[in-house]
Number of protein chains: 2
Amino acid sequence: MAIAASPLRPSSAPGPVPGDSYVQSFARGLEVIRSFSAQSPRQTLSEVAARSGLSRAGARRILLTLQTLGYVESDGKHFSLTPRILDLGFAYLSSLPIWNLAEPVMEGLAGDVGESCSAAVLDGTDIVYVLRVSTHKIMSITLGVGSRLPAYCTSMGRVLLAALPEEQALARLKAARPEALTRHTVTDLDALRQKLAHTRKQGWCLVNQELEEGLVSMAAPIHDRSGRTVAALNISGQANRTSAKIMQETMLQPLLQAAQTISRLLAVQGN
Amino acid sequence: MAIAASPLRPSSAPGPVPGDSYVQSFARGLEVIRSFSAQSPRQTLSEVAARSGLSRAGARRILLTLQTLGYVESDGKHFSLTPRILDLGFAYLSSLPIWNLAEPVMEGLAGDVGESCSAAVLDGTDIVYVLRVSTHKIMSITLGVGSRLPAYCTSMGRVLLAALPEEQALARLKAARPEALTRHTVTDLDALRQKLAHTRKQGWCLVNQELEEGLVSMAAPIHDRSGRTVAALNISGQANRTSAKIMQETMLQPLLQAAQTISRLLAVQGN
């Protein structure tokens, strides 16, 4: 995403702009961190440079900086991240008061319905998982805290988009450039807008195999004391085990109840 | 920790040194991220400056940079982190081969023994949680991924320290400055060294209420293909429900088996 062109972050904001050299260096440092992944857990200098779009000299400078600060380790040839990276907000965000409150409720829900239960927040055009309680059944998708999925084709994403002012939701749908991930994925902007309106009206959302064949999920909003939607809660299951119809009949009430319980706990805690 | 003086990070390493202005700016940016916590989730400019030891002007520059990059949001007065921060930790977690492999095995183990199960790695004198499968019983300690605990008084910490060359393990024990967290905590360096030797010999470790009254935990190492210990796996429970003796009798074998299974999966994956 081109930051300066984003409709969500006006370029007229005061302070540093993307052209600022300090912002650029910092952004590049964070890009180097993000260049490590399951596909590239250990990288040479050249690999880091290629993946983060930096010169070898630039990548070397940042890697050695990260190494000096203890965020990267190296055997001389390969670089990898250290667990100190988790100090950068991950530990904090994954322990936000809401998640402590929500966890026992979500465990109760997952136990009652026998399916995995997750919570997510919106970031741009994606949802980001902040908590997950899985059942012992092995799912085709393993999603840990911090994982991202597109908002337009997920039940939590639609619940979170539906909570935005309509023009903002539309802008994000457009920016996401929806594509068909399965033969069921709704990608037409008008159809998606109608789905959001429907979700807003009924207060929950069911998505049937639009993200992945066989995966059905249902989500409801979690509100803070002021009524603002702060996160979404979902249940997801396999269509060959639990059809969308059965899921709605048997699991919607427990899901709505759990979302309400968490919202009430949040209000009591003063959030 | 003074980086240049750390015995773990020789100051003779090539590359940038802490006095380098680039390193310093980057370090300060990361410090600003770290200044947000459960105690200070929303901060004013002055609070961020005070907590990160920066001038107001310096803190403002970094906060606006982070805001421009989407890692911080502001209502004009207060600043808070956004879920985009989770990308940085996720890059690290998803780069751990163990992360995806271990989860189903850990869920099986937690289900079998009815207690919570976690995996952690060593960072300096701490262990850092990288995966956790909790049971429905509510624990007094809620530890999310990214949480830290001292290595010297935890079962996973002792397993990980025991895997280091002895003089390195001793150096870390000394650097940790062990203190008595309960009346059971072993703090004497010689006694701790013996505990590590014992752990190394028997291949697992039980810690009985040394971190917190009532908390018992048992850990075993996870090895990569070359036999190097890459993480520790544990089960933890409440002493008033499961005594240390019962835990050892009933849960040691499932724990060792799960650790072996994960190690074997790692080897098969080529790690």
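This report describes the contact between chain A and chain B in a predicted model.

## Extent of the contact

The contact draws 67 residues from chain A and 65 residues from chain B. Together the two chains bury about 6,000 Å² between them, and 65% of this area lies on carbon and sulfur atoms. Within the area that chain A buries against chain B, Tyr22(A), Phe26(A) and Tyr92(A) supply 12%, which is more than any other three residues contribute.

## Polar and charged pairs

Between chain A and chain B the count of salt bridges is eight. In one of these salt bridges the side chain of Asp87(A) meets that of Arg148(B), with a distance of 2.9 Å from N to O. The count of residue pairs in polar contact between the two chains, taken where both residues are at pLDDT 80 or more, is nine.

## Elements on the chain A side

On the side of chain A that touches chain B, at least two residues each are supplied by the helices α1 (21-34), α3 (56-68), α4 (90-93) and α5 (97-113), and likewise by the strands β4 (116-123) and β5 (126-133). The largest share of this side comes from α1(A), which gives nine residues. By residue class, the side of chain A that touches chain B divides into 36 nonpolar, 20 polar and eleven charged residues.

## Relation between the copies

A turn of 179°, combined with a shift of 0.2 Å along the axis, lays chain A on chain B with an RMSD of 0.7 Å. The two copies are therefore related as by a two-fold rotation axis. In chain A, the C-alpha nearest this axis belongs to Phe90(A), at 3.1 Å from it. The same surface serves both copies, in that 94% of the contact residues of chain A recur in chain B.

## The aromatic pair

Over all chains, the structure holds one aromatic pair. Phe26(A) and Phe26(B) form this pair, which is tilted, with 5.2 Å from centre to centre and 45° between the planes. Because Phe26(A) lies in helix α1 of chain A and Phe26(B) lies in helix α1 (residues 21-34) of chain B, the pair joins two chains.

Phe26(A) thus appears in two parts of this description: as a partner in the tilted aromatic pair with Phe26(B), and as one of the three residues that supply 12% of the area chain A buries against chain B. The helix that holds Phe26(A) is α1 of chain A, and α1(A) gives the largest share of the side of chain A that touches chain B.

Terms used
Residues numbered from 1 in each chain as written. Chains lettered and ligands numbered in written order. Predicted model: local features only at pLDDT ≥ 70, side-chain atom pairs only at ≥ 80, totals over all residues. Heavy atoms only, no water. Contact = heavy atoms within 4.5 Å. Buried area = accessible area lost by both parts, 1.4 Å probe. Salt bridge = Lys/Arg side-chain N within 4 Å of Asp/Glu carboxyl O. Polar contact = N/O pair within 3.5 Å; in protein donor to acceptor, adjacent residues only side chain to side chain. Helix = DSSP H or I, 4+ residues; strand = E, 2+ residues; numbered from the N terminus. Nonpolar A, V, L, I, M, F, W, Y, C, P; charged D, E, K, R; others polar. Least-squares fit on C-alpha atoms with pLDDT ≥ 70 in both. Phe/Tyr/Trp six-rings, centres within 6.5 Å; stacked < 30°, edge-to-face > 60°.
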